[in-house]
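Work through the exercises below with the sequence and the structure side by side. Each task is followed by a solution in steps.

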Amino acid sequence: MLISFVRIITFALQNFWRNIWLSIATLSIIILTLISVSGLIFISVLTQEAIASAQQLIDLTITFKTDITADEIHSIDQTIKSSLPIESTTFISKEEALAKFKEFHKDDPSIQESLNALEENPLGNALVITANRIEDYPSIIAYFQQDEMQNKIQEFNKNFEKHELILEKMNLLTKRVQEIALVISGIFIVIAALIVFNTIRIAIYTHSEEISIMKLVGATNAFVRGPFIFESIFYSLAATLITLAILMPLLSLISPYISAFFNNSFDLATYFRQHALWIGLYEFLGITLLNLIATSFAIGKYLKI
Amino acid sequence: MIIFKNVSKIYHPNISALKEATLHIEPGEFVSIVGQSGVGKTTIVKLITAEERPTHGTITIGGWDITHIKNRAKPILRRQIGVIFQDFKLLPSKTVDENIAFALQVSGSPFTKIKTIVPQLIKVVGLEKKEDRFPKQLSGGEKQRVAIARALAHRPKVLVADEPTGNLDAINTNEIVDLLLKINSFGTTVVLVTHNREVVNNLHKRVITLEAGEIVSDQKKGKYML
């Protein structure tokens, strides 16, 4: 048993080396496939990141009436945090709000004069709310549209409507982008699988005469199949390692441009370094499974002697 | 050693490669099976090596009824029969040494046994100093010698040669036939399938003649009659 195993491995390595051009051609196709699949993974990650970045730009600012105290707002804050899908809230006091307002309109003398004419701060305390997901905003908005809450809020109905419209469009866009990415990925993976499948079949077809000779000399099916199976695992391992070795410097090269797009909040090269082991492992398992199926399928018909 | 009882092989309803063939080959015999192309000579080889199953009749080799042989038993049968072919059927990516060793490796022979037997076989077929060459670096006669050495690796009781001289010139043909006679002299049953008149006539051994899938003559010391 051990002797046969050693021989199968030896034959597989011999096959690989002695048919080096066929091996390189097969390996190249598998590497290109893995690079394409990795590209899809990165596109998916970037899509998710872009959506997350867009989500972070959206928040809900609830400005309360001037008679609503900070304590009351903190109480509302506690209630909504425990009952609604909220990621974070930020309290902005009326003083902070006024300071920001003045700073924003510092070049507008008419506004400055009007503010100075007022004896009291016309702005109320505010709460800036960020939801867990985009689709969570409608439930938060609905909460503040209740009569009990409406009485405490200063002129915001129009803002809600605007938010609702933006959020609906954003939701729709996100879903569409995800659906399109999924369909394109699916099509691409099927094409890649077919290419690898047929490459392996052609590689084995070139050995069909050899397989029949082995059978006529008295080799069992397992002994004939063994080197090809091992060779396909070897192809998968080599292709995965080479793909990772190609992607590492390639991503370091393009990552600064991608980071710039995300205002340096996301670095693809760092993401890849952190996840390289898992990406490599999943790609290795996937391509090995595909290679094994293709090998078993292709070799089967030549073993019927 | 080899017994065919009323063996027929029908590929398609209208194509009978072999019709009711009955023959009995004794251990240690040298038998030539002759006939023109397409009369069923290679079908007999394929039936002996279990590449094909008979449509009717029974086949027994060394007392083993292989008529309904199971797929998993075929390798065991093939390790007991040496076969050589017109197109040599060598593994192109293996050297002379490795081609011969392969026949032993498939049966799980230990490394030490292979190291002892392979050089002996190379010497028997006269290919010393060429053991590291690949088939494409050998002449036709040399390739056939490798094929013979490989066929002998298991010390088979039967050696089946299917048109072994078909691709060889006269000198190489004589050398291969001499080699087959030498192997036969050691007690191995040799079945030579050929349509080479000169070879058969010079042998003065048993000749079975086929015509249209039927055995039309079986002579103890025969000649090529067609």
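**Exercise 1. A helix at the chain boundary**

Task: Which residues of helix 9 (residues 208-217) of chain A are buried, and what covers them?

Solution. The model is predicted, so read every value here as computed from it.
- Step 1. Go along helix 9 of chain A and pick out A:Ile211, A:Ile213, A:Met214, A:Lys215 and A:Val217, which are buried.
- Step 2. Look for the cover within chain A. It includes helix 10 (221-261) and helix 11 (268-300) of chain A.
- Step 3. Look across to chain B. Helix 2, helix 3 and helix 5 (140-152) of chain B are also part of the cover.
- Step 4. Check what comes after the helix. A:Gly218 follows helix 9 of chain A, and its phi is positive, near 110°.

**Exercise 2. The contact between the chains**

Task: How many residues of each chain are in contact, and which element of chain B gives the most?

Solution.
- Step 1. Count both sides. Chain B has 18 residues in contact with 16 residues of chain A.
- Step 2. Assign the chain B side to elements. Helix 2 (74-78) and helix 3 (96-105) of chain B are the elements that give two or more residues.
- Step 3. Rank them. Helix 3 of chain B gives the most, with three residues.
- Step 4. Sort the chain B side by character. It holds eight nonpolar, five polar and five charged residues.

**Exercise 3. Strand 7 of chain B and the core**

Task: Is strand 7 of chain B covered or open, and which strands pair with it?

Solution.
- Step 1. Score burial. Five of the five residues of strand 7 of chain B are buried.
- Step 2. Split the strand by side-chain direction. B:Val158, B:Val160 and B:Asp162 point one way. B:Leu159 and B:Ala161 point the other way.
- Step 3. Find one partner. Strand 6 (residues 81-85) of chain B runs parallel to strand 7 of chain B, with five bridges between them. Here B:Ile81 stands opposite B:Val158.
- Step 4. Find another partner. Strand 8 (residues 189-194) of chain B also pairs with strand 7 of chain B in the parallel sense, over five bridges. Here B:Val160 faces B:Val191.
- Step 5. Follow B:Val160 further. Beyond its neighbours within four places in sequence, B:Val160 is in contact with B:Val45, B:Ile48, B:Thr49, B:Ile81, B:Val83 and B:Val191.
- Step 6. Place these in the core. The largest nonpolar core has 99 residues, and B:Val160, B:Ala161 and B:Val191 are among those that touch the most other members. Helix 10 of chain A gives the most to this core, with seven residues.
- Step 7. Note what stands apart. Another core has 14 residues, including A:Ile62 and A:Leu127.

**Exercise 4. Two positive phi values**

Task: B:Glu20 and B:Glu163 are not glycines, yet each has a positive phi. Where does each lie, and is each buried or exposed?

Solution.
- Step 1. Recall the background. Most residues other than glycine have a negative phi.
- Step 2. Take B:Glu20. Its phi is near 45°, and the residue is in strand 2 of chain B. B:Glu20 has 15 C-beta neighbours inside 10 Å, so it counts as partly exposed.
- Step 3. Take B:Glu163. Its phi is about 45°. The residue lies in the loop between strand 7 (158-162) and helix 6 (170-185) of chain B. B:Glu163 has 20 C-beta neighbours inside 10 Å, so it counts as buried.

**Exercise 5. An open sheet in each chain**

Task: What is the strand order in the open sheet of four strands in chain B and in the open sheet of three strands in chain A?

Solution.
- Step 1. Trace chain B. The order is 2-1-4-5, with antiparallel pairing. Strand 2 (15-25) and strand 5 (64-65) of chain B each have a single partner strand, so one side of each has no neighbour in the sheet.
- Step 2. Add the helix. Helix 1 (residues 41-48) of chain B lies across strand 1, strand 2 and strand 4, at about 115° to strand 1 of chain B.
- Step 3. Trace chain A. The order is 1-3-2, again with antiparallel pairing. Strand 1 (60-63) and strand 2 (86-92) of chain A are the edges. The twist averages 20° from one strand to the next.
- Step 4. Add the helix. Helix 3 (residues 70-83) of chain A lies across strand 2 and strand 3, at about 175° to strand 2 of chain A.

Terms used
Residues are numbered from 1 along each chain as its sequence is written. Chains are lettered from A and ligands numbered from 1 in the order in which they are written. This is a predicted model: local features need pLDDT of at least 70, side-chain atom pairs count only at pLDDT 80 or more; totals for chains, interfaces and linings use all residues. Two strands pair if DSSP finds at least two bridges between them. Two residues are in contact if their C-beta atoms, placed from the backbone, lie within 7 Å. Axes are lines fitted to C-alpha atoms, for helices over the stretch in contact, and angles run from 0 to 180 degrees between N-to-C directions. Ala, Val, Leu, Ile, Met, Phe, Trp, Tyr, Cys and Pro count as nonpolar, Asp, Glu, Lys and Arg as charged, and the others, Gly among them, as polar. A residue is buried if 20 or more other C-beta atoms lie within 10 Å of its own, exposed if 12 or fewer, and partly exposed in between; C-beta atoms are placed from the backbone. A nonpolar core is a set of buried Ala, Val, Leu, Ile, Met, Phe, Trp, Tyr and Cys residues joined through C-beta atoms within 7 Å.
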